Amino acid sequence: QTYLHVQGETDHRAQTALFTLWQGGAVLDTSSGVDVRVQDGQTWVRRGQGAWERAPAESAFGGGALSQQDPMALLASVRNVGALEGAGGARRFRFDLDSAAFAEQLRAQTEAELRRRAELPPGAQLSPSPALLRMSGSGEIWLDADGLPARLIVNMNVPSDGASDDVI
């Protein structure tokens, strides 16, 4: 099992983001996370209090890919939405994830990014990830008084058969 925790802020209109990503349960140890900053079409990363470094294009964060993605696009694969009791003035909703819709959405985003960078031959198409097609997931979203997302919690279970495409 792999547990990831992401905390930060994004502004899709300005195409900026600043967040920290932790793997495992070390969230309370702020130096154990990876900070990611997206600004002006470039992605920068740093560990702990180290220097900011431009993310290599071949990395998960590189090539400006994060600035091209809509962080709330995950919600297009949401199904079975139900209201929960509010907290601190926020409205809360629980949901399930549709694995086929999520896999297709990620496939389309990846394909569009590869085409934008001229890294996909003309006429070539990607297939949805078999691992994501087997995924199950659920989550919770909190909306503030203006109806804007204030918190998003997503739990995903991706069964692995040991194939390299099962790692997300």
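**Note on the predicted model**

1. Of the 168 residues of the protein chain, 29% count as buried. The model is predicted. The exposed surface of the protein chain comes to about 10700 Å². Carbon and sulfur atoms supply 52% of that area.

2. Secondary structure comes next. The protein chain has nine strands and three helices. Read from the N terminus, the order is β-β-β-β-β-α-β-β-α-α-β-β. Among contacts in the protein chain with a separation of 6 or more, 38% join residues 24 or more positions apart.

3. The open sheet is built from five strands, in the order E1-E2-E3-E4-E5. Its pairing is antiparallel. Strand E1 (4-11) and strand E5 (53-54) are the edge strands. Each of these two pairs on one side only.

4. At one end of that order, strand E4 (residues 42-47) pairs with E5. The two are antiparallel, with two bridges between them. Trp44 is found opposite Arg54 of E5.

5. Further along the chain, strand E6 (residues 78-87) pairs with E7. The sense is antiparallel and the pairing has six bridges. Here Gly82 stands opposite Arg94 in E7. The hairpin of E6 and E7 has two residues between the strands. In this hairpin, Gly88 takes a positive phi near 55°.

6. E7 also pairs with E8. The two run antiparallel and are joined by six bridges. Phe95 faces a glycine partner across this pairing: it stands opposite Gly139 in E8.

7. Which residues make up the largest nonpolar core? There are twelve: Leu74, Val78, Phe95, Leu97, Phe102, Ala103, Ala131, Leu132, Met135, Ile141, Leu143 and Val158. Four elements each supply at least two residues of this core: strand E7 (90-97), helix H2 (99-116), helix H3 (130-133) and strand E8 (136-143). Phe95, the residue opposite Gly139, is one of the core members.

8. Leu74 belongs to that core. Leaving aside residues up to four places away in sequence, Leu74 touches Leu97, Phe102, Gln105, Leu152 and Val154. Of these partners, Leu97 and Phe102 are also listed in the core.

9. A second core is separate from this one and has seven residues. Phe19, Val34, Val38 and Ala55 are among them.

Key
Residues are numbered from 1 along each chain as its sequence is written. This is a predicted model: local features need pLDDT of at least 70, side-chain atom pairs count only at pLDDT 80 or more; totals for chains, interfaces and linings use all residues. Side-chain values use heavy atoms; hydrogens and water are left out. A nonpolar core is a set of buried Ala, Val, Leu, Ile, Met, Phe, Trp, Tyr and Cys residues joined through side-chain atoms within 4.5 Å. Buried means under 20% relative accessible area, exposed over 50%, partly exposed in between (1.4 Å probe, protein chains only). Contact means heavy atoms within 4.5 Å. Two strands pair if DSSP finds at least two bridges between them. Accessible areas come from the Shrake-Rupley method with a 1.4 Å probe; for residues, only the protein chains shown count as cover.
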